[in-house]
Amino acid sequence: MTAERKAENITAVRMVINWLGLGLFALLGVAAVVPLFLIIGDVYVKGIDAINRLGGLWHFLTGLPPTPYEESGGIGPMLVGTLYMTVLGALLGIAVGFPLGVYIGEMRREKFANVARAGVNVLVEFPTIVIGLFVYAVMSLAKEDLNLYLLDPLSRTISPVGGWITQFIGPLDGFNAYAGAAALSIIMIPYVALITASAYASIEQPLREAAYATGGREFNALFVVLRKAVSRAVLTAALLGTAKIAGETAPLLFTAFGNFYYAPFTGPTAAVPLWVWYAAQTPYEVQIASAYGAAAVLLTIILTIFIIARIRG
Amino acid sequence: MSPTQNPKFLAIIAAVAIVAVVAIALLAMPPGGSPQPTTPPPASQPTATPTPTPTTTPATTPTATTSPSQPTTTPTAINSPTPTTTSVPSRLSGALTGGGSTFVAPQMFTWSKTFYQVTGGKIQVNYQSIGSGAGAAQFLEKKLDFGASDVPMPRDKYEQIAGRFVQFPVVIGSIVMTYNVPEIAYQKTGKYLNLTAEVIALIYMGEIKQWCDPRIKALNPGLADKLPCKDIVAAHRSDGSGTTAAFTLYLTRAYQPWNQTVGWGYTVKWPADEKAKGTGAKGNEGVAQAVLQTPYSIGYIEFAYWAKNKDKYDQVGGVAFVRNDNDGKYYFPTTENVAMGAAAGLERYTRRYGSKPAPEADWNPVSIEFSNPPRGYPIMSFVYVFLWKDYAAEGYGDAATKAALLKEFFKWVLTEGQKQGNVVEGYIPLPPEVAKIGLEALNLVKP
């Protein structure tokens, strides 16, 4: 009798503790998610209001930024710059990061693969401003030779194509979109490489053996057959990495530098995060509003990429 | 490649293609997006251009500068005082890159955009606020066409490049003392505090610890009975800044003990942090917020950060009248009072050194002479612009165009740019005699 009751008591106590514990975890979960929605809500409420006040969505997406005296304006040059640099940076990041990840993940027994893995692990934690400074230093060293031996002759040969090509290719300034894209890609490479590596490492051995057993070249086994097993993870990595670099400010400070106007990508190039960073600090309401609008646009880009990643991944 | 795989890649490629197309389309849209030879601007230009410069009172313009309604036909007139090449300006177009002082960024951007509109979108002056120190450094690295700084070129750097560059002020900023003391808020009492250099210095030195200190009461007989016995929170910048440099330079000049204990610079060690309640904040906006949110605080910020939030400050406190110890009068930080101070500082410099400061000179003594001037509002700072004298010799590409563009832009900044409609609220235009120094500097830049 007593033993039974004791057991009942213990079960009851355990159930209560269980509920308490679960409740606590649920609370922690809510606490973690609430700031996210508060930030998103705040940015969109203020941002959409700002975009309407500054002359509507289309004007905001294409116009030049407002001076303190103006009442309307946009982030056109910044949006173009951010899209261009993010796409370039992401393509370069995937082009280097994916094979690197395959190497680290599949060739685990090679000594250098371990060195590469350690290096990538460090790089992923690097402060992004340091990466920006590194690209800045390389750019300072390489710019003159690059212009003299490669880009000057190149721009002369391709000049018959038309004036528009000078927007993209030509002698580089000290600050340019390509330096910005390079900095962004260096941030993205370890990100893609690590996720690719862990995805490849998690492929089950029988599947791997089957892939090699098809009798094709090793290249095909790795990059065609096995890729399909991990393509979702890799695609997610690529998309999340792109979302990450789209919002970076620090690596662009001394590489893309920023601009107020539509200008060739071979010179200082505007970026949305740089404008947000600058405009939010001014005392002028119209510029602060444009910073909120720009933040909303940036958040939309990042959330869109994120949602695509969730759906596809 | 199996058919299930294809849509993904197609989707990615399509997305990239769309982005690229949009980017190109956007690039092609705006006027003057590039230096490519376009057809002469059509008749639509004049309708768009008259708006940006509403204050064209031609009578006050000494040299026939820009006539904004017809940007395409008259650019030759813009450069008329420099007789060298009359044909260049008519074809003049291109881009300049500058950077530096965060403080001047909104003003520089306004000048840049108005000038962009005045020239029909032919000249783009891109200015980025990377900080005064970085501005000077990147200018010396030849990465920027011009630099802007809250302080003159530091002496060691000046000695390295003396004779190769010019520096001149383009606009004045003034620093105001804001405070948050609800008991004596302007909205309640209708009065602002009176302060002197000595009292400000003693607060930041941690010697005056409470608002009811007799030394504060003595300056404010009308508010004496309302000043609360609460600890003063002295807010200051935590980051290096030209605002701190100008503020501490003023205290150094106006109150001797400050010079012996604290000194002046981009950053200083604030005795109030240890002895009393000092607090640091990043940026002008940080100090402005700190004062608004912290009862019984005081803080020094650039004029604009107060002017744009005047009502909020009036609710919790206000902005102080500051006594100029040289003439014993209290001055409110108005445009007139600050301009008076600048003119008086120039006079004093000219008296002491026998001539006006030259654009090639070391301006550190000049900035000291301008601080705490004989009359007028005493806390102010100049924003200086650095230009090379010979862009070709410094290794810049396309140096002739660059020099012509720079001359054109800064000539406009120093004349039209100083007029009411082109000076952003919070900045103070240069007195004409100071602007003249800049115009002389432009003549030294080799075309």
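This short talk walks through a predicted model with a chain A and a chain B, beginning with chain A and ending with where the chains touch.

Before I start, a word on conventions: residues are numbered from 1 along each chain as its sequence is written, and chains are lettered from A, with ligands numbered from 1, in the order in which they are written. Because the model is predicted, local features need a pLDDT of at least 70 and side-chain atom pairs count only at pLDDT 80 or more, while totals for chains, interfaces and linings use all residues.

Let me begin with chain A, which is divided into domain 1, residues 1-38, and domain 2, residues 54-312, where the bounds come from an automatic or database domain assignment. The centres of these two domains, taken over C-alpha atoms, are separated by 45 Å.

Within chain A I would like you to find helix α3, residues 76-106; helices here are DSSP runs of H or I with at least four residues, strands are runs of E with at least two, and both are numbered from the N terminus. The end C-alpha atoms of α3(A) are 44 Å apart, which agrees with the 45 Å that its 31 residues should span at 1.5 Å a residue, the expected span being 1.5 Å times one less than the number of residues. Of those 31 residues, 23 are buried, and by buried I mean that 20 or more other C-beta atoms, placed from the backbone, lie within 10 Å of the residue's own, whereas 12 or fewer makes a residue exposed and anything in between partly exposed.

Which way does α3(A) cross α6(A)? The crossing is right-handed, meaning that the near helix is turned clockwise from the far one, where anticlockwise by less than a right angle would be left-handed. The axes of α3(A) and α6(A), residues 177-201, come within 5 Å and cross at roughly 35°; axes are lines fitted to C-alpha atoms over the stretch in contact, with angles from 0 to 180 degrees between N-to-C directions.

One residue of chain A deserves a pause: Phe257(A) has a positive phi of about 75° although it is not a glycine, and it lies in the loop between α8 and α9. Phe257(A) is buried, with 29 other C-beta atoms within 10 Å.

Turning to chain B, we find 20 helices and 12 strands, and 50% of its 447 residues count as buried. Helix α5(B), residues 105-118, reaches 20 Å from its first C-alpha to its last, and since 14 of its 14 residues are buried, α5(B) is largely enclosed by the rest of the structure. After α5(B) comes Gly120(B), whose phi is positive, near 70°.

Is Lys142(B) buried or partly exposed? Lys142(B) counts as partly exposed, with 14 C-beta neighbours inside 10 Å; like Phe257(A), it is not a glycine, yet its phi is positive, about 70°.

Finally, the chains meet: 34 residues of chain A are in contact with 34 residues of chain B, contact meaning that the C-beta atoms, placed from the backbone, lie within 7 Å. On the side of chain A that touches chain B, the largest share, 5 residues, comes from α3(A). That side of chain A has 20 nonpolar, 13 polar and 1 charged residues, where Ala, Val, Leu, Ile, Met, Phe, Trp, Tyr, Cys and Pro count as nonpolar, Asp, Glu, Lys and Arg as charged, and the others, Gly among them, as polar.

Methods:
Contact = placed C-beta atoms within 7 Å.
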